[in-house]
Amino acid sequence: MATEGNLQAPTRHAIDWKNPDYYNEEACVHEMARIFDICHGCRRCVSLCGAFPTLFDLVDESKSGEVEGVARQDYRKVVDQCYLCDLCYMTKCPYVPPHAFNLDFPHTMLRAKAIKFKKGDVGLAERLLASTDVHGQFAGIPIVVQVANAVNKTQPVRALMEKVLGVDKDAWLPELATHKFRASAPESPPHPVKDGERTPGKVVIYSTCYINYNEPGIGHDLLKVLDHNAVPYVLVEKEKCCGMPKLELGDLDSVNTSKEANIPVLAKYARDGFAILSAVPSCTLMFKQEIPLMYPDDADVQLVKAHMWDPFEYLMARKRDGLLKTEFSVPLGKVSYQIPCHGRVQNIGKKTEEMLRMVPGTSVQTHERCSGHAGTFGVKVPYHQQALKIGKPLFKAMASHKDGGLPDVISSDCPLGGHHIAQGFDVNQLGAPPQKHPLTLIRMAYGLK
């Protein structure tokens with residue numbers, strides 16, 4: 001007998017991207033029509049992103065008022081609005097497997113994006129924007145970095161970037177770091193390895209492109225917190241982009257290239273008993289979910305999945321093992337904190353919130369709405385204003401702290417999302433509280449410099 005959907009934990013099917021039929025456009029359109037018809041009859045996800053309002057408007061404006069009345073070429077308008085946050089699958093949809101409808105909206109959109117990419121319909125500008133390793137080549141070269149950062153703030157250059165690269169002239173962009181994280185990270189003091197019941201006693205850091213090239217301070221804060229808790233660490237010997245920006249484009253061959261470079265290295269650390277930590281939720285999710293679904297039979301991929309941790313997931317597990325220092329000397333005041341979408345999808349609970357709440361003199365208000373940034377989506381010309389619109393309910397909620405007035409600080413585990421939130425505060429004239437990463441806040445709370 002059929003049961004109501006979403007009463008059991010959702011299950012995920014492998015991404016059959018190596019099957020030639022995966023790129024059969026007619027079959028993909030047929031599956032989209034089936035899914036769109038179910039979504040049209042439900043409409044529970046209308047508030048999540050632009051994909052669902054776009055779909056429902058297309059249906060409502062068609063002659064029949066049904067999915068069958070929507071032109072097949074207009075399906076791409078829905079696909080382009082999906083930035084693979086996964087929230088519809090994980091938090092809203094009542095028809096995900098094991099329900100008989102077997103509905104997987106984001107991975108169907110991924111299939112459509114992959115077909116679009118294979119057909120050559122993704123432009124050079126979008127492909128370059130997703131090439132984070134290319135952007136980072138100039139980081140760490142002081143004069144070049146200073147000139148590039150200064151020039152990128154000028155109106156003429158931003159106007160040129162908008163015209164040539166499709167980057168909205170008003171979108172916040174990260175600066176290049178003067179010193180790359182991987183080049184400037186200090187060696188770990190020789191702490192003895194203390195394994196806990198739940199946690200390995202030594203850590204290897206997967207830097208991520210963003211931490212390495214743009215905001216190394218977040219990585220240094222993580223190292224200081226680990227050192228303070230006597231956890232020895234090393235950096236991954238050699239790493240490449242996790243592949244998430246390429247996944248968002250549907251460029252699965254490039255994802256495979258990243259996987260072939262990263263997995264053998266990371267698997268070695270996993271076999272040697274390291275916990276693998278990544279400070280950017282999207283990167284962590286790639287190794288926890290997307291790559292394992294693309295390679296369900298690859299033992300090394302599954303081994304890395306089992307050893308990949310969000311930093312606060314690891315730290316709170318250390319606390320349960322009785323191996324985390326909980327003496328904090330600096331209060332943080334009123335904190336408005338956002339759990340990013342790719343953090344929620346990891347199914348680890350509110351670990352960052354749990355640790356922030358341990359700090360005396362700290363009042364944490366947690367928000368679970370999407371910021372709207374979504375990787376490269378939020379900086380592109382067609383979508384930047386929409387990204388700010390998607391995030392506006394979050395910005396307004398974060399600006400009104402439960403203890404009254406503005407928060408003393410705003411924070412998100414996603415560095416890009418955090419800056420997008422800060423821009424949302426500015427655009428909507430909600431005040432200007434400082435924006436700091438949760439790892440920075442914990443480093444401050446410990447009284448570490």
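The paragraphs below go through a predicted model, taking in turn an arginine, a glutamate and a pocket.

R158 belongs to helix α9, which spans residues 155-165. Although R158 is buried, this residue has no salt bridge, and the nearest side chain of opposite charge, that of D168, is 5.8 Å away; because a salt bridge requires a side-chain nitrogen of Lys or Arg within 4 Å of a carboxyl oxygen of Asp or Glu, the distance of 5.8 Å to D168 does not qualify. A polar atom of the R158 side chain does, however, lie 2.8 Å from the backbone oxygen of A171. Leaving aside residues up to four places away in sequence, R158 touches N152, V167, D168, K169, D170, A171 and L173, so that both D168 and A171 appear among its contacts at the 4.5 Å limit.

E239 is placed in the loop that runs between β2 (233-235) and α13 (244-249). The side chain of E239 reaches the backbone nitrogen of S207 at 2.8 Å, and a polar atom of that side chain also lies 3.0 Å from the backbone nitrogen of T208. Once residues up to four places away in sequence are set aside, E239 touches S207 and T208 together with R182, I205, Y206 and N262. From C-alpha to C-alpha, E239 and V265 are 7.9 Å apart in space, with 26 residues separating them in sequence.

The second largest pocket has a volume of about 430 Å³ and a lining of 19 residues, of which H13, A14, H107, T108 and R111 lie nearest its centre. Two or more lining residues are given by each of α1 (25-42) and α5 (105-118), and the largest share, four residues, comes from α5.

Technical notes. Residues numbered from 1 in each chain as written. Predicted model: local features only at pLDDT ≥ 70, side-chain atom pairs only at ≥ 80, totals over all residues. Heavy atoms only, no water. Buried < 20%, exposed > 50% of the residue type's maximum accessible area, 1.4 Å probe, protein only. Lys, Arg positive; Asp, Glu negative; His and termini not counted. Polar contact = N/O pair within 3.5 Å; in protein donor to acceptor, adjacent residues only side chain to side chain. 1 Å grid on protein atoms, 1.4 Å probe; cavity = no way out; pocket = protein on both sides within 12 Å on 5 of 7 lines; lining within 4 Å. Points joined across faces, edges and corners; volume = space filled by probe spheres on them.
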